[in-house]
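Visitor: Pick one part of this model and take me through it slowly, please. I'd like to hear how it packs against its neighbours.

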Amino acid sequence: MATHARPGSLPSPPERRVPELDPVVVGQWQDGGGELVDLFALARERLGGVAAFRLGPRPTVLITDPEAVQHVLALHPDRYVKRSHRARLLIGDGVLAATGEAWQRQRRLLQSQFTGRGMRRYEQRITEAARTTAARWAGYARTGEVFDVGEEMRRFALDTIWRSLTGHPLDPASERELAAVPAVVAALPSLPADGVAAQGAVAAELAAIDAVAALAIAAARDTEAGPEGPGLLHVLLDAAQTRPEYTDRLIRDELVTLLVAGHETTATTLTWLYLLLDQNPGAREQALAAGADGSPERRQAVQALVHETLRFYPSAWVLPRCAAQDDILAGYEVEAGTDVLVCPYLTHRDPQLWADPERFDPTRFTTPGRRPTHTGSYFPFGIGPRACLGLQFALRESTVLLEQLLPAHTPHFRSTPDKAAYSITVRPDGPTPAVLGG
């Protein structure tokens with residue numbers, strides 16, 4: 001076996017096999033019933049930023065080193081490709097699961113909607129969704145009602161993306177049916193490996209989602225715009241006029257993809273943020289003291305809260321790829337067909353990159369020199385051509401909501417989850433009941 005590199009360092013040539021975790025250690029981990037992230041952490045600790053382990057006949061290569069991250073995701077995405085998205089039974093051929101030329105076409109169509117002028121179209125919709133949530137929280141504060149913070153964050157994020165898709169506020173019937181979306185996402189890791197069996201296990205939830213999607217598509221087709229103007233659905237329907245690939249099925253898949261990506265990750269991030277503030281109340285006071293309401297200084301400090309939360313709990317905690325060809329990665333040989341897992345969750349917690357990484361410290365993102373500068377050191381939305389389309393959208397909606405809620409309310413949790421659940425996202429594994437104080 002090759003000599004192990006110092007954790008976090010890149011080895012020198014000549015090329016050699018990726019160091020592999022002892023099968024006995026892997027077996028002990030399996031017998032102990034630990035989370036997969038525990039195995040990843042063990043591999044990174046013992047072998048460094050490029051490490052391998054076997055859960056089957058072939059080794060899986062784990063990537064946490066920043067330069068290797070950039071090599072895989074940004075510099076050579078043609079060599080390390082997505083093979084099959086775990087949520088395909090839910091999102092079908094939507095842009096997250098698409099590959100090759102189909103992905104390029106779909107990405108180009110949606111890209112303009114989430115940058116520059118496209119984002120300005122959704123500013124008012126984000127603000128209205130935040131005001132609706134703020135009004136609800138004011139009611140909770142008056143009555144002392146116990147509510148679930150995680151459910152509130154999902155409700156806000158779903159309302160925001162629904163307004164952006166349809167031009168309408170989220171109606172109660174759609175909200176009830178779309179509760180099936182997080183249910184399917186949460187079920188994905190435990191579904192049967194057989195596709196037909198997996199589909200059957202969540203058939204009722206998928207039927208509810210399909211029904212809501214069909215109604216939304218029909219409504220968008222019948223009217224030029226909702227009360228808040230045309231939405232992303234209208235962009236997709238317009239594309240169908242000249243692009244035959246945009247069938248009703250693909251429009252459904254893109255709609256559901258945007259629903260999943262547009263609310264599940266944001267809701268999870270905001271829930272974690274409030275749990276972290278509960279443990280670190282001084283961070284809220286520090287953000288509010290950074291500047292007056294509406295000032296650039298206050299906004300920067302609030303954004304730093306979001307970024308530090310994303311450092312702890314990135315939107316996608318692991319990014320799976322498959323080596324499409326033989327390659328040399330950080331001086332190591334990687335054979336075609338090798339599964340490669342890029343893990344922002346561990347990169348963001350690497351003590352060789354981040355000082356005191358287990359401490360919640362938003363000033364890392366406001367004070368020059370406090371965070372690593374390498375692109376591959378912080379990538380909660382991925383990097384490279386397949387980075388999340390909705391990065392700016394997610395940051396904007398999170399910031400707008402927090403600017404509304406932070407000055408007025410502090411949730412006091414009745415109980416908090418004692419662990420995280422590692423699925424497509426890293427989410428709190430349990431309810432988050434709270435009451436509001438000033």
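Guide: A quick convention before we dive in: helix angles under 35 degrees are called roughly parallel, over 145 roughly antiparallel, 65 to 115 roughly perpendicular, and the rest oblique. The model is predicted, with local features needing pLDDT of at least 70 and side-chain atom pairs pLDDT 80 or more, while totals for chains, interfaces and linings use all residues. Numbering starts from 1 along each chain, and side-chain values use heavy atoms, without hydrogens or water.

Let's look at helix α18, residues 391-405 (helices are DSSP runs of H or I, at least four residues, numbered from the N terminus). Take α16, residues 296-312, as its partner: the two axes come within 9 Å and cross at roughly 120 degrees (lines fitted to C-alpha atoms over the stretch in contact, angles running from 0 to 180 degrees between N-to-C directions). That's why α16 and α18 count as oblique. Their crossing is right-handed, meaning the near helix is turned clockwise from the far one by less than a right angle. On the α16 side you'll find Arg 299, Val 302, Gln 303, Val 306, His 307 and Leu 310, meeting Leu 395, Arg 396, Ser 398, Thr 399, Leu 402 and Glu 403 of α18 (contact is heavy atoms within 4.5 Å). That contact splits into 5 nonpolar, 4 polar and 3 charged residues.

Now swing over to α8, residues 149-166, whose axis comes within 12 Å of that of α18, crossing at roughly 125 degrees. So α8 is oblique to α18, and the crossing is right-handed. Met 153, Phe 156, Ala 157, Thr 160, Ile 161 and Ser 164 of α8 touch Phe 393, Glu 397, Leu 401 and Leu 405 of α18. Here the tally is 7 nonpolar, 2 polar and 1 charged.

Note on methods. Helices (H or I, at least four residues) and strands (E, at least two) are DSSP runs, numbered from the N terminus. Ala, Val, Leu, Ile, Met, Phe, Trp, Tyr, Cys and Pro count as nonpolar, Asp, Glu, Lys and Arg as charged, and the others, Gly among them, as polar.
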